[in-house]
Amino acid sequence: KMLAIIPAKKKSKRLPNKNIKKINGKPLIAYTIEAAKKSKKISRIVVSTDCPRIASISKKYGAEVPFIRPRKFSSDKADNHEGVIDVCIHVINFLKDKEGINIRSFIVLQPTSPLKLSKDIDSAVSIFKRKKADSVSSFCEAKPKDWYFNLNKDGSLKQSIKKNIKKNKKNKSNYLLNGAIFIYKTNFVKKRFGFTRKCFAYLMPKNRSVDIDVIDDFKYAEYLISKKHKKLWKIQK
């Protein structure tokens with residue numbers, strides 16, 4: 001089984017307090033904690049946050065919060081991939097120093113992807129183990145590359161990356177990182193390798209791939225969660 005790390009920073013420029021903003025009556029971060037708790041592949045859930053309120057809510061829903069994240073890991077940089085890796089390495093080093101635990105691999109679950117299910121987590125971990133992977137990341141299907149354009153300064157259209165467009169004719173589908181699940185070998189991620197032949201994808205459907213960044217994302221996720229709950233209610237009835 002695997003350690004799950006949930007990074008949840010207080011500050012959010014585009015959607016204030018989004019990690020604890022209530023979605024269908026429940027804090028956003030609760031959906032990720034609950035999915036992790038239902039997973040058969042996760043042994044421990046640690047939330048890394050700089051916010052005592054997020055810490056309190058996370059504990060209420062069953063996650064550990066063994067520290068309040070230091071300020072140096074809570075800047076705007078913590079929102080990008082490199083920043084999230086720094087946050088995770090801090091958690092791993094903390095557990096090693098305080099508990100003498102060596103974490104060989106771990107899973108990162110973003111709280112801004114509330115529609116992922118425990119079966120998504122379990123399937124991604126299974127790929128990681130089966131392939132003896134360096135990493136596994138969750139993806140969803142994307143629009144064809146030749147749908148994307150750049151604009152010139154005067155507003156006229158400039159189609160981007162013609163080489164990719166030609167390649168796309170040979171490929172049936174394109175895929176987009178959906179931000180929900182990342183699994184890493186600790187040694188691999190500490191060396192900052194990027195991608196290797198041992199990096200694999202776990203594919204998720206679009207309706208579970210909502211990544212909340214702005215209010216429109218939030219409202220869409222709220223709609224999908226509400227729809228899902230209604231379906232469950234009908235089955236139980």
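**A tour of the sheet and the largest pocket**

Select residues 2–7, strand S1, and residues 105–109, strand S5: these two strands pair in the parallel sense over three bridges. The model on the screen is predicted. Now show leucine 3 and look for its bridge partner in S5, which is phenylalanine 106.

Next, widen the selection to the whole sheet. The sheet is open and has six strands, in the order S4-S1-S5-S9-S6-S10, with mixed pairing. Colour strand S4 (42–48) and strand S10 (199–203), which stand at the edges. Each of these has a single partner strand, so one side of each is left without a neighbour in the sheet. Turn the view along the sheet to follow the twist, which averages 30° from one strand to the next.

Add helix H1, residues 28–38. This helix lies across S1, S4 and S5, and runs at about 160° to S4.

Now go to the largest pocket, which holds about 900 Å³ of space. Which residues are the closest to its centre? Select Lys18, Thr112, Asp211, Ile212 and Asp213: of the 38 residues that line the largest pocket, these are the closest to the centre.

Then select the elements that each supply at least two residues of the lining: helix H3 (81–99), strand S6 (135–142), strand S9 (174–185) and helix H7 (215–236). Strand S9 gives the largest share of the lining, five residues, and S9 is also one of the strands in the sheet, between S5 and S6 in the order.

Last, colour the lining by class. The lining of the largest pocket has 14 nonpolar, 10 polar and 14 charged residues.

Notes
Residues numbered from 1 in each chain as written. Predicted model: local features only at pLDDT ≥ 70, side-chain atom pairs only at ≥ 80, totals over all residues. Heavy atoms only, no water. 1 Å grid on protein atoms, 1.4 Å probe; cavity = no way out; pocket = protein on both sides within 12 Å on 5 of 7 lines; lining within 4 Å. Points joined across faces, edges and corners; volume = space filled by probe spheres on them. Helix = DSSP H or I, 4+ residues; strand = E, 2+ residues; numbered from the N terminus. Nonpolar A, V, L, I, M, F, W, Y, C, P; charged D, E, K, R; others polar. Pairing = 2+ DSSP bridges. Axes fitted to C-alpha atoms, helices over the stretch in contact; angles between N-to-C directions. Contact = heavy atoms within 4.5 Å.
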